[in-house]
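Please open the model in your viewer and keep the sequence panel beside it. The tour goes from one selection to the next and says what is there at each stop.

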Amino acid sequence: MNLLLDLWTVVAVITGAFFFFAGTVGLLRFPDSLTRLHALSKADNLGLGLVVLGLLPQMDSVSAGLKLVCIWLLVLLSGATASQWIARTLRHSGSGP
Amino acid sequence: MIEVLNFGLAALILGLAVWAIVAREAPAAVVGFIVYGLLLTLVWLQLRGIDVALTEAAIGGGLTGVLLISAAVRLRSTESAFRAQRPAASTRWLAAVLAAAVTGALAICVLALPEPAPTLAPEVLANMAVTEVENPITAVLLAFRAMDTLLEAIVLVFALIGVWSLAPDLAWGGRPGPLQVADPNGMLAYVARVLPPIGIVAGIYIFWIGADHPGGKFQGATILAAMWLLVMMAGLADAPPVSRRWLRWLLVAGPLVFIAIGVVGAVTANAFLAYPQGFAKPLILAIEFALMPTLTLVLGLMLLGAPRRGKSP
Amino acid sequence: MAEFLVGAAAFILGMVALGLVRVLRGPGDADRIMAAQLFGTGGIAAVLLLGTATGERATLDVALTLALLAAFAAFAFVKAKLAQTPGESRTADSP
């Protein structure tokens, strides 16, 4: 059982790290600001979410696990709002489609 | 692996510090500075200073970022005039040499410390039981060096008065910050309705566990102040005029309670700010409770700035 | 397991540090704020991984604080920008 949980952690964290990698590549290589914003939100949601999922089995109490999920939801909330607002600023300043 | 991480962190921090100084435009430098603050949080974690990491995350990541960014964006229009007045290269070289010399002196002092470095930590741990709290940082801040904490709280209130003194005559005693008009269906209003309840619970939670685990009133107050600022940024509430009585009473309530407890200690336990036997934890809790609203108000008001509008809405 | 978690934290930090190039190059303020956001999220991930690796429970609270305040810089940035152009929230300086 322990081995299975550890395996789950390793797989989920590696996939999460891959999404951070993809987000960074997008941030560096995409041609304009709006597409870069898209790449950024992928890293936010999926990267952190997979890392949180992977770390859940390693927690030693239910409350710690709940805290982890709470952290992820908060990042989703503030990240989504900030992305929308950044996109709006970009559209106002004319660099959008 | 830890070595790689630490080395990478150190290199990144140095690089960001250089960037923050060298950047051409203020907003770019500010963003570099905010990221630098985030990395510093990680450094404190690596050094096992969790309380300091909490404070750095709250103040460096949150409040300082807000302060510097709004200032930088507002000062944009004056950038070119400012750059035209740059001091001569010789002055800048002199400043660089002096800064490097101070850094070098600090580095030599740190590297020349005897191994193990002199520290009072064992004494604190040995005597902590009498304070009835489990977190050694709280024991030091509110029991062994309570005088320093009292003076810091008073200095914060003085700093706020200093900020208020910058108000123009017409706005004296008025409301700080510009009037924000809320778009009730807008996104900022949405976040300002959803996030603050969670933030308030988190802030009070971090304040409460400060007795036994890393945390405490300062970090909790920072989170509460940030939530208050968010509500005001979205236009859902207006900044109170700084001449309001309840505001001023709350501001001084913290230091006053602190001083009162100190006087009680002088009478019952033979020293100012000494706690009578068995009453340590309730008194510490009372001080923390009294200081929370003071700190929240001070941090929030300092970020709003000097009053710019009259008292009426 | 602890070694692996520390390694993952180092990798994520390294990736996110590459995003710093975007901070340095811009070409606009929005790109820089985006890079700061990426750093915030990557930082939270790194804090969680390091905290689990060392077994120190309080690092979860550090990550919670970061998560709460992460987007504040972005909010302040957009607010200040929109104050200069007509937008969602108008501000008025009355005497």
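What follows is a walk through the chains, their helices and the places where they touch.

This is a predicted model, in which local features need pLDDT of at least 70 and side-chain atom pairs count only at pLDDT 80 or more, while totals for chains, interfaces and linings use all residues. Residues are numbered from 1 along each chain as its sequence is written, and chains are lettered from A and ligands numbered from 1 in the order in which they are written.

**Stop 1: chain C**

Select chain C and colour it by secondary structure, where you will find five helices and one strand, following one another from the N terminus as α-α-α-α-α-β. Helices here are DSSP runs of H or I with at least four residues, strands are runs of E with at least two, and both are numbered from the N terminus. Of the 95 residues of this chain, 66% count as buried, a word used when 20 or more other C-beta atoms, placed from the backbone, lie within 10 Å of a residue's own.

Now select helix α4 of chain C, residues 59-69, which is mostly covered, since eleven of its eleven residues are buried; among them are C:Leu60, C:Asp61 and C:Leu64.

**Stop 2: two helices inside chain C**

Add α3(C) to the selection: α3(C) and α4(C) pack at an angle of about 170°, with their axes 9 Å apart. That makes the two helices α3(C) and α4(C) roughly antiparallel, the term for angles over 145 degrees, whereas those under 35 degrees count as roughly parallel. Axes are lines fitted to C-alpha atoms, for helices over the stretch in contact, and the angles run from 0 to 180 degrees between N-to-C directions.

Which residues of α3(C) and α4(C) meet? On the side of α3(C) they include C:Gly40, C:Gly43 and C:Val47, and on the side of α4(C) they include C:Val62, C:Ala63 and C:Leu66; residues are in contact if their C-beta atoms, placed from the backbone, lie within 7 Å. By class, the contact of α3(C) with α4(C) has nine nonpolar, four polar and no charged residues. Here Ala, Val, Leu, Ile, Met, Phe, Trp, Tyr, Cys and Pro count as nonpolar, Asp, Glu, Lys and Arg as charged, and the others, Gly among them, as polar.

**Stop 3: from chain C to chain B**

Keep α3(C), residues 29-54, and add α2(B), residues 26-46; their axes lie 10 Å apart at an angle of about 5°, and the two helices are therefore roughly parallel to each other. Among the residues that make this contact are B:Val31, B:Leu38 and B:Leu45 of α2(B), with C:Ile33, C:Phe39 and C:Leu50 of α3(C).

Next show the whole of chains B and C, where 52 residues of chain B are in contact with 46 residues of chain C. On the side of chain B, α3(B) gives the most, with 13 residues, and that side divides into 34 nonpolar, 14 polar and four charged residues.

**Stop 4: inside chain B**

Select helix α10 of chain B, residues 217-233, and ask: is α10(B) largely enclosed or exposed? Because 17 of its 17 residues are buried, α10(B) is largely enclosed by the rest of the structure. Just after this helix, B:Gly235 takes a positive phi of about 85°.

**Stop 5: chain A**

Finally, select chain A, where six residues are in contact with five residues of chain B.

Methods
Angles under 35 degrees count as roughly parallel, over 145 as roughly antiparallel, 65 to 115 as roughly perpendicular and the rest as oblique. Two residues are in contact if their C-beta atoms, placed from the backbone, lie within 7 Å. A residue is buried if 20 or more other C-beta atoms lie within 10 Å of its own, exposed if 12 or fewer, and partly exposed in between; C-beta atoms are placed from the backbone.
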